[in-house]
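Reader: I would like to go through this chain with you step by step, from its overall layout down to single residues. Could you show me the sequence and the structure before we begin?

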Amino acid sequence: MARKKRSKQENKQTFGMLLQLYPNAEQETKMMKTFGCRRFIYNLFLDQRSKGWKRRKESISFKQQKDMLPELKKRIPFLAEVDAMGLQETVKDLDDAYQNFFEGKAKYPRFKRKRDEQSYTTNQTNNNIRFTNDRFTLIQLPKLGEVKCEGSFVRLRRLLKNKGAVIKAATIRRKGGKYFVSLRVQKEAKPAKVPVAKRRAIGIDVGIKTFAVLSDGNPVPNPHYFSEAQQQLRKQQKRLSRMIKGSNNYIKQKKKVAKIHAKIANQRKDFQHKKSKKLTDENQILCIEDLNVRGMVKNRKLAKHIADAAWYQFRNFLTYKAERKGRTLVIVDRFYASSKICSHCDKKKEGLTLDERTWVCLSCGKKHGRDENAALNLEKEGLRILGA
Ligand SMILES: [Zn+2]
């Protein structure tokens, strides 16, 4: 349940830890109120920003909106009842949504509806987020008091007690009628023990059917449980499509489908963590093809979309792991024709179609496996870019 992330600050390591919460009735009411206030603030400020721009061509900044909060609380008393930090974070979330829009990474922010995910984030100040017993089954949260919780504590305890890590923030979430908190835990990073690289450089050609082919000739197959889960997903989705929208069975089935989606995502993450670890352990220079992120967001075909998202995630894993271990990751331009160039004599093969899995170079007579040849070219091109 732990997710490790390299934070932007130097020498800090951030972990995400997820726990289930068991609030009492009063705490539950308070959480619901906070979700409501968060939605209220988000929508109010979104409306304000949109109108400000449309009517007066005026851009309202994050700081301006944040500074409006105290006044709003005076005018609207129920806002003062909930976690103040939670509201401030909401203003920041809205600003992030705008930044993503400006950078072309997301659509224009939408109004939040009650049926959207309900959550809020609160930050650590004066030790107001902490475990209050040794067993870590009670957590103190701002405005809520001690809430019962459950999760895998072994790692968390080790981090907080032995490694001097601290809780920086908590996101409280309601999902499927259950409550969760994910804690952002941060510790000073000790220099990672980096194994000596076995190989100087490797090219990684990522595919769909085979997860990747490496320039050392080894394929990295997708684990078989991927296709099992995909089949299961298709079956359950088909069932869903035959149901009457909004009916009880439909809602039940929809949850089932969402659960399979989540399972697949977790399996994939786990798999990619293992593979990116191995690759960055064993190689000094890693060369991978670039990916068109903008195209990815716009792609409507689901299978392709998922494959692209997976690829992007894998690249992120490689990026931060390489950085941590002092390895070099080279991103090769996606217009570089890695599949069509002969890795032996550099002549380009014209008219190579997608279904030709093997081909023979007309210039030097070398027989190529399509993906292995591409991986070899990525390695060569990566080294060329580095000037090595
Ligand atoms: Zn050739």
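The questions and answers below go from the whole chain to its helix contacts and then to individual residues.

Reader: Before we go into detail, what kind of model is this, and how many helices and strands does the chain have?

Author: This is a predicted model, so every value discussed here is computed from its atoms. The C-alpha atoms of the chain fill a box of roughly 80 × 50 × 50 Å along the principal axes. Within that box, the secondary structure comes to 10 helices and 15 strands.

Reader: Into which domains is the chain divided, and what distance separates their centres?

Author: The domain assignment gives domain 1, covering 2-188, and domain 2, covering 192-388. Taken over C-alpha atoms, the centres of domain 1 and domain 2 are separated by 33 Å.

Reader: What percentage of the contacts with a separation of 6 or more joins residues 24 or more positions apart, and what percentage of the residues is buried?

Author: Among contacts in the chain with a separation of 6 or more, residues 24 or more positions apart account for 64%. As for burial, the chain has 388 residues, and the buried share of them is 25%.

Reader: How are helix 6 and helix 7 oriented to each other?

Author: The axes of helix 6 (residues 224-241) and helix 7 (residues 248-282) come within 10 Å and cross at roughly 165°. Since angles over 145 degrees count as roughly antiparallel, that crossing makes helix 6, relative to helix 7, roughly antiparallel.

Reader: What is the handedness of that crossing, and how do the contact residues of helix 6 with helix 7 divide by class?

Author: Helix 6 passes helix 7 in a left-handed crossing. On the helix 6 side the contact includes Tyr 225, Phe 226, Ala 229 and Leu 233, while the helix 7 residues include Tyr 250, Val 257, Ile 260 and Ile 264. By class, the residues of this contact divide into 9 nonpolar, 6 polar and 4 charged.

Reader: How are helix 1 and helix 4 oriented to each other, and which residues of helix 4 does helix 1 meet?

Author: The axes of helix 1 (residues 25-56) and helix 4 (residues 84-102) come within 9 Å and cross at roughly 40°, and the two helices are therefore oblique to each other. Their crossing is right-handed. From helix 1, the residues Thr 34, Cys 37, Arg 38, Ile 41, Tyr 42, Phe 45 and Leu 46 meet, in helix 4, Gly 86, Leu 87, Thr 90, Val 91, Asp 93 and Leu 94.

Reader: Helix 4 also meets helix 2; what are the orientation and the class make-up of that contact?

Author: The axes of helix 2 (residues 62-75) and helix 4 come within 10 Å and cross at roughly 155°, and these helices are therefore roughly antiparallel to each other. The crossing is right-handed, with Phe 62, Gln 65, Lys 66 and Leu 69 of helix 2 meeting Leu 87, Gln 88, Val 91, Lys 92 and Asp 95 of helix 4. By class, this contact has 4 nonpolar, 2 polar and 3 charged residues.

Reader: Is Leu 376 buried or exposed, and which residues is it in contact with beyond its neighbours within four places in sequence?

Author: Leu 376 lies in helix 10 (residues 370-386), and because it has 26 C-beta neighbours inside 10 Å, Leu 376 counts as buried. Its C-alpha atom is 9.5 Å from that of Ser 339, a residue 37 residues apart in sequence. Leaving aside the neighbours within four places in sequence, Leu 376 is in contact with Gly 203, Ser 215 and Ser 343.

Reader: Where are Asn 126 and Asn 127, and what are their phi values?

Author: Asn 126 has its place in the loop between strand 3 (118-123) and strand 4 (130-131), and Asn 127 lies in the loop between strand 3 and strand 4 as well. Asn 126 is exposed, with 6 other C-beta atoms within 10 Å, and Asn 127 is exposed, with 9. Although neither is glycine, phi is positive in Asn 126, near 50°, and in Asn 127, near 60°.

Reader: Is Lys 245 buried or exposed, and what separates its C-alpha atom from that of Leu 159?

Author: Lys 245 is found in the loop between helix 6 and helix 7, and because it has 9 C-beta neighbours inside 10 Å, Lys 245 counts as exposed. Lys 245 and Leu 159 are 86 residues apart along the chain, and their C-alpha atoms are separated by 46 Å.

Notes. Residues numbered from 1 in each chain as written. Predicted model: local features only at pLDDT ≥ 70, side-chain atom pairs only at ≥ 80, totals over all residues. Domains from an automatic or database assignment. Axes fitted to C-alpha atoms, helices over the stretch in contact; angles between N-to-C directions. Helix = DSSP H or I, 4+ residues; strand = E, 2+ residues; numbered from the N terminus. Parallel < 35°, antiparallel > 145°, perpendicular 65-115°, else oblique. Left-handed = near helix turned anticlockwise from the far one by under 90°. Contact = placed C-beta atoms within 7 Å. Nonpolar A, V, L, I, M, F, W, Y, C, P; charged D, E, K, R; others polar. Buried ≥ 20, exposed ≤ 12 C-beta atoms within 10 Å, placed from the backbone.
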